[in-house]
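Please read these notes beside the sequence and the structure, which are shown here for a colleague who has not met them before.

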Amino acid sequence: MSDLDRAIEQLRACRLIPESQVRELCYKARELLIEEGNVVSVDAPVTICGDIHGQFHDLMELFRVGGDVPDTNYLFMGDFVDRGFYSLESFLLLLCLKVRYPDRITLIRGNHESRQITTVYGFYDECIRKYGSANVWRYCCEVFDYLALGAIVLGASSELEPTSTTALSSMPIDDSELETEVLNSRGEVTMSTYRARQRSSSDASTDSRNISPPRDISAAPGQAAAPSRSGAPGTGASGDGNGSAVTSRTGAVLCVHGGLSPLIDSVDKIRLIDRKQEVPHEGAMCDLLWSDPDEIEGWGLSPRGAGFLFGGDIVKQFNHLNGLSLVARAHQLVMEGYKEMFDGGIVTVWSAPNYCYRCGNVAAILELGEDTSGGGTVARSNGEYGRSNGIVSNSRVVSPGRRYRVFEAAAQDTRGMPAKKPVADYFLVSFFPLLS
Amino acid sequence: MANPVIRVLSILDPSTPHTFIQPTKKIHESQDVSTFLTSKAYTDIMTWILQLNRSMFPLKVADDNIQTWTLNSDSIQFSAPVRQLQRLLSKLEDIIQEVPPDTGPRRFGNISFRRWCEVVESRASDLLEECLPADLLHRGSSGEGATAETELKSYFLGSWGSGQRLDNGTGHELSFLAFLGGIWKLNGFPKADPGVEERAIVVGVIHPYLELIRLLIKTYNLEPAGSHGVWGLDDHSFAPYIFGSAQFSPAINDTDLTPEEGSLPNAPDPSGVAKANIVERERQTNLYFSAIGFIYDVKRGPFWEHSPMLFDISGIRAGWGKINKGMIKMYNAEVLSKFPVVQHFPFGSLFSWDRDPNAPLPSSTVHTTSGPQARPVVPDSGPPSVAASRPVPGAGTQAPWAKSGAGTRAVPPMGSAAAPWAGARREGIPSSVPSGATRAPSILPETSRMPPGPMAPTRAPWSAQPQPSPSQDGDADVHTKAPWAK
């Protein structure tokens, strides 16, 4: 067993690895990440995850619900650290998995992967507390600077294979295809939506019908498996890099942590950013990590003090110009775990259940299946897709089939024993000899 | 008779004309926090908090008996002004009925809190007129400018939370403490033996205030302001941990200095905070446990995981006196010395931005090094300051890779624990002297060398003009705010 595998095993058990190993891990991760473009191309099938915020036990629950690495191909949209108790364990595990299975897990940067934010929201405090110095915090921050800013998912199928355990939802509806499906953590379908099957790609999504089968369909023998979970990556012919030849009718999916920027009108512009730095307070890179969609027209000021608010018109235009069918992002708590906006043009995915121990929300992950109908995909690359900006066919791209797996916070009994209790410094005498 | 060294907030001489000032914000840059720490306002706030804190220590009475001050104590008489303030709070609570939470699907914070704040603001003058004496409110009205009411209203309105960001935190709590301190300075409470009115204020006003805040938080899902996630003491409040630990500390008499360790004989063990049944029992009578109880109400998960700071403190063996002392140090460092918290505090005549003539000259070294763009330097010149001399893990190893905000923890949070009265101690004052109460003019706190708080330099160097914000705190929890955002 390699050191890396041992580290993975140890971190899965929620036990930290020694500082020297963290240093080595971060060095290897940087070497790997530096080779990734600002926008990583990822092939479907992929499972897209939102904020984690140091909720380690809930991250384990996520893997239980979504499948383990490397069996499932994962894309995490940032905010691994801050707020929760286990930012270190969570981030270091994800980083180990990245180094161990670089093609099966993609990590992109969230606004919390920043020196300044982590000194305010807890990760710094945690590093000091758990390692006794800021060294590990420093190593991690150096990795943050190399994380990609976004990802493009290619080759996603427009149609979901119905989850096999649900007799009702597989009831065929003439000439319709399964567009979205929501499953609970036991793999039971709680909601499905269908849309008219379109052989041509014109105006496909306007005639969708919502069919909600009864909740909690029983008779699910064991865990339901996602149909495409173990599909091999990178099947199919590789694209020619011009974007125009992607034959799948499903548009690509852009994944970023926050959202769009008024300075970014094409995916190509993201590629021009010099990302290897602390997150700036303004500008394109900042916006991608900080912005939020909102029910407004155009652009608005963000109450966060960084990034912008953007409306549905902005999303529609951006998706159209870039041949995208969907923007997936995280960054905002949504009580239901996911939230689609603007006719499904953008979705928020949130993966930290009962956020901050008190919000009472559920979490979700988004599975995009692989298009096996012969559509072209490109092998994992640094994102050649969409290079030919502006050349967009008239045919409307169809959004991918979306399977949301919703889950709740991990049970308390899955957690370890209390950590040791070093007394907070304010309450110590020894550091204040003059006072005692 | 009170010990003459035990200081209380001075009352304005009614025979001397006083000029009131519309309170305005003065803390625009992180460097301004250093100036604040040498201001009259800072001295007054610390004096007021220590005065209230002292009053909650159990009292030695005749025949070796001890009088404790529980939340339901019959021995605490509420004066007329205290009862009027209770009326004020209950009127605010009634407004919740008028503004039920919005039922639409929205984010965590409920938008109706914004409406609640608007209603309170629109009625603030009437409410204050109704519940405070007219001669108190209208002091200064002979002139053209501000009155006492102008100043009090400013702190009153800052006490509830941010209607814009739907959050609540220790900055709002500070504003309410200033509101009460302002009334005290205006002679709004009757003369009584030392501690009598103060503990009526803590038990009769501050506790109901905290209960109202908790109701607001639950009703409108208010977010924690200025949160360090699980690594902060509490999402919203600090005062109950100070006054509640005093309730369990060893008894004192009128002239005793507040003890720094030990506990009241029958006090529960501090480790009780991690036991639900003990919390349930103690929260009825003790402010510390009432705050812990609220955490139990709103959070799920292991206590040691969602509240590790409080869990650590529960392991302290040296008693509630030690916890009380630590809480005051921590309040000074984590609330009063934090730019995001105090940046919204407005200064008028009651809490004045003027320099306290007894405070040491601000050190220019600290001013420049605490700025966001400067490399953090642990001050090492001059007399040894506690923070500079203590072995801070990681301090001094940060500057090389630090960009604008990275230096914010040059001195990690625990490192900024220098007590403002540290200087006084060095000059030979007995070790158990309560801080603000003991400061002779010549030995005021060494605030100029207070290390910058971890969040102090987080303001973006290029954002010269702070945007006005109704909020008291810098950061909300559930939706991250940029720390450089105003």
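The numbered points below go from the conventions to chain A, the cores and a helix pair.

1. This is a predicted model, in which local features need pLDDT of at least 70 and side-chain atom pairs count only at pLDDT 80 or more, while totals for chains, interfaces and linings use all residues. Residues are numbered from 1 along each chain as its sequence is written, and chains are lettered from A and ligands numbered from 1 in the order in which they are written.

2. Chain A has 10 helices and 17 strands (DSSP runs numbered from the N terminus, helices being H or I of at least four residues and strands E of at least two). Of its 436 residues, 56% count as buried (20 or more other C-beta atoms, placed from the backbone, within 10 Å of the residue's own).

3. The largest nonpolar core (buried Ala, Val, Leu, Ile, Met, Phe, Trp, Tyr and Cys residues joined through C-beta atoms within 7 Å) has 119 residues, of which A:Ile48, A:Val153, A:Cys255 and A:Val349 touch the most other members. Helix 4 (residues 87-100) of chain A gives this core its largest share, 9 residues. Another core, of 97 residues, lies apart from it and includes B:Cys117 and B:Trp184.

4. In chain B, helix 2 (residues 40-55) and helix 8 (residues 196-220) pack at an angle of about 90°, with their axes 8 Å apart (axes are lines fitted to C-alpha atoms over the stretch in contact, and angles run from 0 to 180 degrees between N-to-C directions). The two helices of chain B are therefore roughly perpendicular, a term for angles of 65 to 115 degrees.

Note on methods: Parallel < 35°, antiparallel > 145°, perpendicular 65-115°, else oblique. Buried ≥ 20, exposed ≤ 12 C-beta atoms within 10 Å, placed from the backbone.
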